[in-house]
Amino acid sequence: MDLRVLGPLEVRAAGSTLQLGPRKQQVTLAMLAVHAGQVVGLDALVDEVWPDGPPASAVANIRSYTAALRRLFEAAEGSRDRLVRRGSGYQFNAEPDELDLFAFTAHSAKGREALRSGDPATAVTEFLDALQYWQGSMLVGLSLGPVLAARSAAVEEERLAITEELAEAYTALDEPDQAVHILHQHVHMHPLRERAYGLLMKALYRLGDVAGALSAYAEARTALIERLGVEPGPELRRLHRSILDGDLELDLRPTVTTSNRLHQVKPAELPADLVDFVGRAEEIQQAMDLLTPSTGTALPMCGIVGQAGVGKTSLAVHVAHRLRPSYPDGQLFIDLRGADNHPLVAVEVLARFLRSLGVPGQAIPHDAEERAALYRSLLADRRLLVVLDNAADEEQVRPLLPGTPTCGVLVTSRYRLAGLVGLASVGLDVLGTESALALLDRTAGATRVRAEPTAAEELVRLCGGLPLALRVVGVKLAASPHRTLSALVDRLAEERQRLDQLAHAGLAVRSSLDFSYQRIDPADRKLLRLVSLLDAPDFAAWTAAALADVSVPVVEEGLDRLVTAHLVQIAGTDAVGQVRYRLHDLIRVYGRERAAVEDPEADAHAAILRAIHHWLGLAAAGEKALYGNSYHARLAHQIAAPAPDQAALDRVSTDPLTWIEAERAALVSTVRQAAEAGFLAECWRLGSVSANMLEFRELKDESKLVNSIALDAARRLDDPSGIAVGLLAVGHLTREFGNWAQGRSIMENAEAIFVANGDQHGRARCYMELALQDRYEGRLKAATERYAWMVRTCRNVDPGLETIGLRGLGQIQLLAGNAGTALEYLEAALDVCRTQGTGLLPRLLVLVWYGEACLQMGQTARAEMAFREVASWTKRAGAATGEIWSLCGLARIALTRGNLGEAERLTRKAYDLCDLTPQPSASIMVSFSLARVRLAQGRLKSARRLAEEALDNSRGIGAWTYAAQTLDLLAEIHEAAGDHEAAKAAREEAAALRPVV
């Protein structure tokens, strides 16, 4: 994990930036992060989040924020150890190298120690490493409470101090020019820092610029008098007097003399480092490590590769400046123009380099090989850095490589120069949010970014974090002080004019992309235009194959070439083993521009429809693997095309829930794109068939979203089947999120449409939901009728629904105390699963209640086998609700065996999972089970509190069956406490609520 607080709060895990939620939740995380490894009490968190006074719900809100953060970290890292509860507070755990604040502090301390010990070279490196973490004021954009505000001020003072100490180290290293460069900017931004002015005066004096040193004193004196009404302090005045008297003991830079004219020349061709350079700490370190001079015989080389506009040259120049102490004999730099139509040839570059090394024009050989030999001879045993910017290919670079390991070579290119033996490459991606905001802050002006933080974040998003685009935006804003960030957001939001807006004063994103586009062959240009039509944030090769109407192996070869050209990126490998590809947002816009110019509109329309049809085919295969020949799978197959290749079909059929997890973002985008493109029949079918898998994977927000889009599409199409399916799904999710009455009303509307439409299969699917709610609410007669109707109607039509009907009849018998009859129904359901191919989920749903029936019959071993099978599978699938039920069942078995410790462990494990599901029934079951464990432990006060919590929640959703069971448990707790009157009252209330079968 990479957690950053020096600038905007940002967390990256597994290569992705996490969405941290509302601002108060972010303040909670920030407070915990800066105290990583320590317990932060609830009171401290409340005071920090609400410094002006907390609301009544403050503690509950903090718990909600921490629960959301725990879920976020667990999803990103697969671990629950990142944020843990400790007593009445919380502890955030992070290694020192995971938090930028810790790294900043550590490098600062090492730099100071090195400076005190007389090692200015190490001090420079450490201070630069520390400052790389600085992306702006600590936690900029958040409203800070007293603790974080004080910490932010202290860290800001630390940054100012080490900037001055860096300049001091450069001067001690005999690099006063670097010190002057740093300090001029520093005193301009902070004109009241006398120490900085003193260091600037010393560095200027060291350079022999006495007038400049005296002028710096005059500037300091003016600033202090005008702003504070005071004269400079005694130390600065003594320094000024020493310079005037000429008695300052500062060594001037030694003059290098040699009898060999060629070796007198020390080229210093690096362009100026960017004042507004931000971020890239990890990439800088990688490049520095690769280019550190070695004692071996291999030439240190580093390549920086990335797409157009990503900042390769800026990073190379920045790294090269930092490496100057390591290469004291000079730095050569040249733009090889590899992205142009006419790149430089090596023989021209060699002539220029030879002149830079002091070779007179008449002495430069005409032959290319002789030039290269002389070049290598001049560089032999010299410590010199060669920067080759914007290389076209290996052939252009190879003659420019020195022959000895004392030199270093830094190459930038849009292409991986794999043919250069020994070249290790640093891949450059777009800037993260905090670095992008920092760049915008420095180019457009800090006050403007702080004045419109939301608009600034939106500009970063619209630019896709691409440094070139952000620099264009910043320059445009700086050139137009009257223009607001929000106004520019409005202009960039219109996709068709975005690239027009991203051009200013010789900087243009479109022209940069044109060079890359024209260099690839026509077939690859076509593929780029096709994949740019997708709205999905990333995609697998099968999707591109569907768009292009070719096989997956053929499209993979084309995608590989586009990746090499940095027009398509590798997003990673997903959970089912598929390589995932993505386009930068601006490349997507560019590709759509080219498609509008070069391709008939009908072709683009047909390509998108092919992809949607393939989505339907794969989603239907996943639904069938889970539920068998279900209603939703049948609807999808009505218009679905075959899967593009057998491997894609095998992946979804073998592990549908892992597949849906891998494809969920692309799937949601595709459902939305189908609706926007007018493919309404495809849209509502794809939304409905995928929603089941999303929900079972506990992706309920995504399930709710695709259902909403699907229902809207069905209504626009006026399709009764689609409307009924959509209403059923919406009603189900409404109930799952706690509104049982509204959920029933919506589902009954769906039932009416199914009946009017004569759709018995759809009606049976609706009965599954309504019967479940009947059972919870105590309407057991109605539930029995619905389940029996399902069994009759779905026999030989939908074995999965037949199984659910038999399971429901067994559940009702269990409620009536008829465990033997219940077991018969449940065994019949399992028999249908074995013989008729119901898919996986119906079997799991039966096994939970089969285990319960066995437990009531005293068949503990069979019950345990059933619960363990469900627990194992649901844990692997990330299906928290199913895992909760099975863990509670296993806890009951532990109780029957007198193993209270194991019962406690299992129930606590189920309790921790409740954060991952919104279902009220899950939390009710866990509270009930934990109360039963506490009763067995004799912890009656805790048992009563948990039982009352389960009772309140049961009443809250109208689950009277649960309420009756919980009242029975409360009666036992009251009896154990000796409160017989309370026990009697609880039993009487339970009897009144208990439904009659």
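**Reading a pocket and two buried residues**

Modeller: The second largest pocket is lined by 32 residues, and those nearest its centre are Arg70, Arg85, Tyr911, Cys914 and Asp915. The model is predicted, with local features needing pLDDT of at least 70 and side-chain atom pairs pLDDT 80 or more, while totals for chains, interfaces and linings use all residues. Residues are numbered from 1 along each chain as its sequence is written, and side-chain values leave out hydrogens and water.

Biologist: Which elements give two or more residues to the lining of the second largest pocket?

Modeller: They are helix 3 (58–77), strand 5 (83–86), helix 43 (900–913), helix 44 (920–937) and helix 45 (940–957). Helices (H or I, at least four residues) and strands (E, at least two) are DSSP runs, numbered from the N terminus. Helix 3 contributes the most, with 7 residues.

Biologist: How is a pocket found?

Modeller: Rolling a probe the size of a water molecule over the atoms shows where empty space is left. On a 1 Å grid over the protein atoms alone, with a 1.4 Å probe, a pocket is an open set of points with protein on both sides within 12 Å along at least five of seven lines; lining residues have an atom within 4 Å of a point.

Biologist: Is Glu10 buried or exposed?

Modeller: Glu10 is buried because its relative accessibility is 2%; buried means under 20% relative accessible area (1.4 Å probe, protein chains only). Glu10 belongs to strand 2 (residues 10–13).

Biologist: Where does Met31 lie?

Modeller: Met31 is in helix 1 (residues 23–34), and at 3% relative accessibility it also counts as buried. Met31 and Phe92 are 61 residues apart in sequence, with their C-alpha atoms 9.4 Å apart in space.

Conventions:
Buried < 20%, exposed > 50% of the residue type's maximum accessible area, 1.4 Å probe, protein only.
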